[in-house]
Amino acid sequence: MSVVATAHTDRRLMGLISLLGISGVLHLVVPKPYEKIVPPRLGDARKVVLVSGVAEIGCAALLVVPSTRRWGALASAALFVGVFPANLYAVTTMRSKLLKAGAIARLPLQVPMVTSALKVARDSR
């Protein structure tokens, strides 16, 4: 792998670790905002938020360790795809125009998050 490719992978990796770690902690410490965007068909919103927070922290931890990085990256990509329905639900339920705009802006960000995770997985073989 070239020096440039390594630098891109390192940036992606650190970005994913930071994003997942911070988001996971926020899910556990301040769950209320996340509970509002859990689709009712998923059941107890608090449980869903806490489980997703633990999953995010778990993915971040797997990404830190080189021997588990590939699995952490694949799990992260799956997690990003898995939370997409909640992001869609947020768009349909937000009353505030500002929050709705933020929820809409967040939707296309899932694509680079998934592709970044998949690139880290590919580069971690």
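# Questions on a helical chain

User: Where is the place of Met-94?
Analyst: Met-94 has its place in a loop. This is a predicted model. The loop that holds Met-94 runs between helix H5 (84-93) and helix H6 (97-106).

User: Is Met-94 buried, partly exposed or exposed?
Analyst: Its relative accessibility is 23%. Buried means under 20%, and exposed means over 50%. The value falls in between, so Met-94 counts as partly exposed.

User: Which residues is Met-94 in contact with, leaving aside neighbours within four places in sequence?
Analyst: Contact means heavy atoms within 4.5 Å. With neighbours within four places in sequence left aside, the contacts of Met-94 are Ile-37, Leu-99, Lys-100 and Ala-103.

User: How many Å apart are Met-94 and Asp-44 in space, C-alpha to C-alpha?
Analyst: Along the sequence, 50 residues separate Met-94 and Asp-44. In space, C-alpha to C-alpha, their separation is 19 Å.

User: What elements does the protein chain have, helices or strands, and how many?
Analyst: From the N terminus on, the elements run α-α-α-α-α-α-α. The count of strands is zero. The count of helices is seven.

User: What radius of gyration does the protein chain have, and does a compact globule rule agree or disagree?
Analyst: The C-alpha atoms fill a box of roughly 50 × 25 × 20 Å along the principal axes. For 125 residues, a compact globule would have a radius of gyration near 14 Å. The chain agrees with that, at 15 Å.

User: What percentage of the contacts with a separation of 6 or more comes from residues 24 or more positions apart?
Analyst: Take the contacts in the protein chain with a separation of 6 or more. Residues 24 or more positions apart account for 65%.

User: What percentage of the accessible surface belongs to carbon and sulfur atoms?
Analyst: Of the 125 residues, 34% count as buried. The accessible surface of the chain comes to about 7600 Å². The part that belongs to carbon and sulfur atoms is 71%.

User: How many salt bridges does a search of the whole structure find?
Analyst: Side chains of opposite charge can pair when their charged atoms come close. One pair here is Arg-46 with Glu-35, at 2.2 Å, N to O. Another is Asp-123 with Arg-122, at 3.1 Å, N to O. A search of the whole structure finds two.

User: Which helices hold Arg-46 and Glu-35, the pair that links distant parts of the chain?
Analyst: The side chains of Arg-46 and Glu-35 meet in a salt bridge. The two residues are eleven residues apart. Arg-46 sits in helix H3 (residues 45-64), and Glu-35 in helix H2 (residues 32-35).

User: Is Glu-35 buried or exposed?
Analyst: Its partner Arg-46 has a relative accessible area of 35%, which makes Arg-46 partly exposed. Glu-35 has a relative accessible area of 17%. Buried means under 20%, so Glu-35 is buried.

User: Which side chain of opposite charge is nearest to Arg-69?
Analyst: Arg-69 is found in helix H4 (residues 69-82). Arg-69 is buried yet has no salt bridge. A salt bridge needs a nitrogen and an oxygen within 4 Å. At 6.4 Å away, the nearest side chain of opposite charge is Asp-10.

User: How many Å apart in space are Asp-123 and Arg-69, C-alpha to C-alpha?
Analyst: Asp-123 lies in helix H7 (residues 110-123). Asp-123 is partly exposed, at 22% relative accessibility. Along the sequence, Asp-123 and Arg-69 are 54 residues apart. In space, C-alpha to C-alpha, they are separated by 9.5 Å.

User: Which residues does Lys-36 touch, not counting those up to four places away in sequence?
Analyst: Lys-36 lies in the loop between H2 and H3. Its relative accessible area is 64%, so Lys-36 is exposed. Not counting residues up to four places away in sequence, Lys-36 touches Tyr-89 and Thr-93.

User: Which residues does Leu-107 touch, not counting those up to four places away in sequence?
Analyst: Leu-107 has its place in the loop between H6 and H7. Leu-107 is buried, with a relative accessible area of 17%. Not counting residues up to four places away in sequence, Leu-107 touches Phe-84, Asn-87, Leu-88 and Val-91.

Definitions and conventions: Residues numbered from 1 in each chain as written. Predicted model: local features only at pLDDT ≥ 70, side-chain atom pairs only at ≥ 80, totals over all residues. Heavy atoms only, no water. Helix = DSSP H or I, 4+ residues; strand = E, 2+ residues; numbered from the N terminus. Rg over C-alpha atoms; globule rule 2.2 N^0.38 Å. Buried < 20%, exposed > 50% of the residue type's maximum accessible area, 1.4 Å probe, protein only. Areas by Shrake-Rupley, 256 points an atom, 1.4 Å probe, with all protein chains shown as cover. Lys, Arg positive; Asp, Glu negative; His and termini not counted.
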